[in-house]
Each structure stands twice: as C-alpha cells, then as structure tokens.
Amino acid sequence: MSTSYTPVPLPRVEGAAFSGTHVPLIERYHERLPFAVGDKLVSLQEGSTPLLRAPVLSEMVGASVRLKLEGANPTGSFKDRGMTCAVSAAVRDGAKAVICASTGNTAASAAAYAARAGITCAVIVPDGKIAQGKMAQTLVHGARVISLAGNFDQALTLVRELTDTHPIVLVNSVNEYRIEGQKTAAFEIHEGLEGGLEALCIPVGNAGNITSYWRGFQELGAAPRMYGFQAAGAAPLVEGRPVEHPETVASAIRIGNPVRWEDAMAAATDSRGSIRAVSDEEILAAYKLMAFREGMFCEPASAASVAGLLKYGADGAEQIVCVLTGRGIKDPETAIANNEGHIISCPVEMAAIEEAVLGDP
Ligand code: F0G
C-alpha cells in the first residue's frame, strides 16, 4: 500500500494549540503527551467532545449529571483518542502495518487511522459478535477482517503472540499510546467542570479506558471516585476471576479477561470507587432512557455507565459524569430488535393513515 498521506506537524508556537476546540487531540494536549514539537501526526480531528447536561437523569439521581459524548469522535467512539496516538507513534517509528483484536470499535478506529496514514490494518474479531455498523466501518476503510471462531479474549491472546514474532504494531490498549491518548478525556472533563467532578461512571470491558481516565485525573491532581460497570454476564473484575464464556447484549464489553485488570482495580480502589455489575435488562432500560428522554442514542455498552449510576447511586456525589463511549447507530440490530413493536404498517389509504397517525399508540 502507498504512503501518500502528509501528516500534520505539531505547532511550533508555544501555546498555539490551545486556541479554540477544533484542534486535533495531540495538538491540544501536546505538553502532556509523548510527542515532540515537529512530530508528524495522524489525526482525524478527534477529541474536544461535548459534555452535555442530562436533566432527566439528574432529576432521577438528585445530583448534577452530565454525559461525556465520546460518540462525537470521528469514528463514533472514544477509541479515536487512543488511536491518533498509537498510529502516529507507529508511523513515526516506521511501521507499515497495525493490528488489533476487537469487539468492533477498536477495529473501526484502527482501520480509519491506518487508512488515513496509508498503512495496512488487520483486525481479528469474534465471529458474528460485532455490531453491524462497526463491521461496515472496518470494511469500508479497507482493513483485512479476520472473523475468528472464538471470543475477544482468544483473539487478543493470538494477536499478542503474532505481534511478538512479526513487525506489526499492536494497537489494543496494551499499547501505552492508547492509554496516553484516552487520558485526555479526563482533561476535558476537568476543564469543563473547573475541577469540580466528584464521580465518574464508566463502562468497563478490556479496562483500558478506566485506566486512562484515572491516569488523566491523577496527572491533574484530581481524584473523582471512579465507578466502573461491567455487564453481569461478562464481569470478571466483579467476580474476581476470568469469565470463560462472557455473554451480554452489550457486545462491545463482552470480555472475560481484561488486559488492564490490575490497573482498573487500582483505579477503583485508589479513587475510593468500585467496579460493579449491571444486568442486560438494566443496560437496555438505561439505553432506552437515554434515547427516549435525553435524546441521546448511545451504544448498549455505553448505557452501562447510566445503568450503574441508576442502580447503585454515587455515594452522595453532586457532580457526576457518565461516559457515553460510543454512538448508538453503530449497533442497528439492537436498536431495531428492541423497538420493532413501534413500527406501524399502513396501506395507501387516508383513513388508515389517520388512524396510524392520530389513533391510540
Ligand atoms: N464502550 C464501548 C462502546 C467499547 O467499544 C468498549 C471497548 C468499552 C466501552 C470498554 O472500554 O475496553 O477500555 O474497558 N471496546 C473494545 C473494542 C474492547 O475492541 O472496541 P475498555
């Protein structure tokens, strides 16, 4: 594949990066990231995502709750924060190919950034277990998609072995650049709330993101309580042992043996937070609540943060942020399967149209 992409260099003027919000993430926070002035960047203008008030949720919880809309990133999930760093570093270090195991979002993000950089990308995904939007994204960006007759944990084990013996850069969250990039979401929240955050609610799968946020807050000297939530059928950190056959409607977090296990537990413990489980029913109820009442269509996995807050509360915290990690439109199967009863079939006839539009729902 050709390397026709001309990466954007970091700004040379000190402080220039901080004007406005439409700046690539590495430029905005270059003083806190492992890149030097003049380094070439692979960016899709990620980061600087909205921190939206959630009036209905706030009312229900009796505190001020905001939603960190990570679906507003270029490929529709928080993965882009880490991927701009991982792919920029890979290209800087002369890599020609990247690879990841994925439940879908990492794959879509890696594929997009690799396309932008003009390098090759391969992804290994659990067969039949990734949402269609994510598969579509990964395919259109030209990645090589390997559909494994196994689960995410098996895919990650294989891909780690493969990258030990081949010159391909692993861009899963074992890659430190991923954590570095993702910690910037904590910076944005800290800036947005002027340091007043008391509790962060976040879904946990491979546990890279909770690790990243905690690192980001710590770098700023902040210490909100970190409340991580796993799906009950895929809750190794709650059960204290790997789950061999993880199952959940939230396919993004269908993970039984997270690589950032110790880091995630440390984040929860050191912040006086916790990692707890929410059922699929609770996840879907929160998913619908976000869409019906707050106008926010997130992924089922993202709704685990809201489900957890509603189920367990936040120990009296008054300023709370729920991280909505990905866009709902990535998973049309779940959206339609849970709302099919709302479609009204209608013949071409005015009386029927009137009944359909005006009649009892
Ligand atoms: N939410 C979404 C939408 C995700 O895609 C993921 C992880 C998580 C939450 C959990 O984050 O793994 O850092 O604890 N998705 C990975 C993937 C595993 O392959 O896309 P985590």
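This text walks through the ligand site, the cavity around it and the largest pocket of the structure. The model is predicted.

Start with the ligand. It sits in the largest cavity. The protein's cover over it is taken up below, after its contacts. Around the ligand stand 20 residues. Ser102, Gly205, Asn206, Ala207 and Thr325 come nearest among them. By class, this shell holds eight nonpolar, ten polar and two charged residues. Two helices each supply at least two residues of the shell: α4, spanning 105-117, and α9, spanning 208-219.

Now look at the backbone around the ligand. Thr103 places a backbone N or O atom 2.8 Å from an oxygen atom of the ligand. At Gly205, a polar backbone atom is 2.8 Å from a ligand oxygen. Asn209 also has a backbone N or O atom 2.8 Å from an oxygen atom of the ligand. On its own, the ligand has 480 Å² of accessible area, and the protein covers 99% of that. Gly205 thus appears twice in this account: in the list of nearest residues and among these backbone contacts.

Next, the cavity itself. How many cavities of 30 Å³ or more does the count give? The count comes to one. The volume of the largest cavity is about 340 Å³. Its lining takes in 29 residues. Closest to the centre are Phe78, Lys79, Asn206, Ala252 and Ile253. Asn206 is also named among the residues that come nearest to the ligand.

Which elements give two or more residues to this lining? They are α4, α7 (176-182), α9 and α13 (300-312). The largest share, three residues, comes from α9. Helices α4 and α9 also serve the ligand shell, with at least two residues each. In the cavity lining, eleven residues are nonpolar, 15 are polar and three are charged.

Finally, turn to the largest pocket. About 160 Å³ of space lies in it. Which residues line this pocket? From the earlier part of the chain come Pro50, Leu69, Glu70, Gly71 and Ala72. Further along are Met296, Phe297 and Cys298, then Leu324, Gly326, Arg327 and Ile329. Eight of the lining residues are nonpolar, two are polar and two are charged. Glu70 and Arg327 are the charged ones, by residue type.

Definitions and conventions. Residues are numbered from 1 along each chain as its sequence is written. This is a predicted model: local features need pLDDT of at least 70, side-chain atom pairs count only at pLDDT 80 or more; totals for chains, interfaces and linings use all residues. Side-chain values use heavy atoms; hydrogens and water are left out. A residue is near a molecule or strand if one of its heavy atoms lies within 4 Å of it. A polar contact is a pair of N or O atoms within 3.5 Å; within protein, one must be able to donate a hydrogen and the other to accept it, and residues adjacent in sequence count only if both atoms are side-chain atoms. Accessible areas come from the Shrake-Rupley method with a 1.4 Å probe; for residues, only the protein chains shown count as cover. On a 1 Å grid over the protein atoms alone, a cavity is a set of points where a 1.4 Å probe fits but cannot get out, and a pocket is an open set with protein on both sides within 12 Å along at least five of seven lines; lining residues have an atom within 4 Å of a point. A molecule sits in a cavity or pocket if more than half of its atoms lie within 2 Å of its grid points. Helices (H or I, at least four residues) and strands (E, at least two) are DSSP runs, numbered from the N terminus. Grid points are joined across faces, edges and corners, and a volume is the space filled by probe spheres set on the points.
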